[in-house]
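Here are a few short exercises to try with the structure open beside you. Have a go at each task before you read its solution.

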Amino acid sequence: MPPPPPPLGRSRRRSDPTFDAALDDAELVTVRGQLSQGRWTRARSLLAATGDDWDRRGHRLVVLAQANGAAAWAGDWLLAEPESADAVTLIACAAVLGALRGKDSEGRAREACRRAADRSPADPTPWLGLLLLARSLGTEEEVAQLFDQVRLRHPEHHHAHHLMAARLAERRPDTGNDPLHEVYDFAAWAAEQAPADSPLAVLPVVAHAERYRALALAGQEPMDPAASAHWSGRRARQVMKAAFDWWLEWEHEGHPRRHIDLNYLAHAKLCEGRPAEAAALLNRIGPHATEAPWSYPDRDPHKAFRAARSAALGIA
């Protein structure tokens with residue numbers, strides 16, 4: 001069991017939020033900077049050391065793919081080491097991000113992911129790349145099929161479950177705040193299927209925030225989450241309590257994406273009207289804020305996060 005949170009009302013770190021996709025992976029931050037300068041050998045070492053820690057591998061590859069010139073530098077790496085599966089997968093991830101930004105061809109990104117999947121059949125990361133594309137550009141059937149491919153290789157894949165929850169939450173916004181909506185069923189199922197210590201225990205909270213985003217953008221909920229009753233229903237309170245209790249007992253200090261869960265949970269606790277619990281979570285978050293869900297539905301995440309810290313911790 002992790003140590004108790006720091007005393008409420010006292011921040012462990014008072015620096016501004018970074019909103020860095022690398023989160024608290026300091027080595028990843030360093031290697032990403034070196035990759036942007038064309039120094040790909042450290043990326044090779046980092047990915048080799050990551051091995052088949054699939055959540056960490058996916059996290060690191062997606063972040064490295066955001067480096068300036070990542071595709072070109074990974075191409076140089078592949079020329080030097082034609083058998084490198086890591087270089088092929090990094091090229092695929094960079095192509096996906098380029099396609100999502102409208103700067104690369106969607107078709108070329110898909111082909112790059114397929115090549116990476118052929119090179120590393122056990123690795124879920126190329127399928128994660130395809131799922132990232134499909135979450136924004138694909139059909140519902142394609143999203144479901146790609147999610148199954150990721151889950152076949154890593155049943156608890158954190159990023160893939162978040163992508164699936166976000167896509168499912170956008171279905172049928174006209175039905176309003178339906179407690180039987182499929183995104184809630186999906187999140188509950190995933191949490192129940194996972195081991196007791198899995199961070200997928202927080203997925204029902206993620207689903208709740210994603211559904212709020214979809215409903216607010218469709219005009220079914222207030223654009224100000226503080227004015228919404230979305231977090232005050234009986235089912236919502238049960239979900240928030242279960243996730244917070246899980247965090248107190250099982251928090252994983254070493255999970256590469258744990259700060260994403262902490263941000264969703266802190267946001268939910270503030271929306272629920274429980275600032276003391278939010279304060280404990282915000283202390284754990286420190287500067288590692290994430291744009292989602294503070295940006296929901298269309299807010300400036302920096303302002304929203306600073307307002308949250310001020311409300312819960314009394315600091316700007």
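A charge sits over a ring if NZ of Lys or CZ of Arg is within 6 Å of the ring centre and within 35 degrees of the ring normal. Keep in mind that this is a predicted model.

**Exercise 1.** Find the ring that lies under the charged end of R235, and then the one under R213.

*Solution.* Start at R235: its charged end sits over the ring of Y184, 4.0 Å from the centre. Now go to R213, whose charged end is placed over the ring of Y296, at 5.5 Å from the ring centre.

**Exercise 2.** Classify the ring pair of F186 and W189, and say how exposed each residue is.

*Solution.* First, locate the residues: both are in helix α10 (residues 182-193), three residues apart, about one turn of the helix. F186 is buried, because its relative accessible area is 11% and the cut-off is under 20%. W189, at 34%, counts as partly exposed. Next, take the rings: the centres of F186 and W189 are 6.1 Å apart and the planes stand at 35°, so the pair is tilted.

**Exercise 3.** Do the same for W294 and F305.

*Solution.* The ring centres of W294 and F305 are 5.4 Å apart with planes at 75°, so this pair is edge-to-face. It links distant parts of the chain, with W294 in helix α15 (residues 291-294) and F305 in helix α16 (residues 301-313). W294 is buried at 2% relative accessible area, and F305 is buried at 0%. Finally, ring pairs join F19, W294 and F305 into a cluster.

Definitions and conventions: Residues numbered from 1 in each chain as written. Predicted model: local features only at pLDDT ≥ 70, side-chain atom pairs only at ≥ 80, totals over all residues. Heavy atoms only, no water. Phe/Tyr/Trp six-rings, centres within 6.5 Å; stacked < 30°, edge-to-face > 60°. Helix = DSSP H or I, 4+ residues; strand = E, 2+ residues; numbered from the N terminus. Buried < 20%, exposed > 50% of the residue type's maximum accessible area, 1.4 Å probe, protein only.
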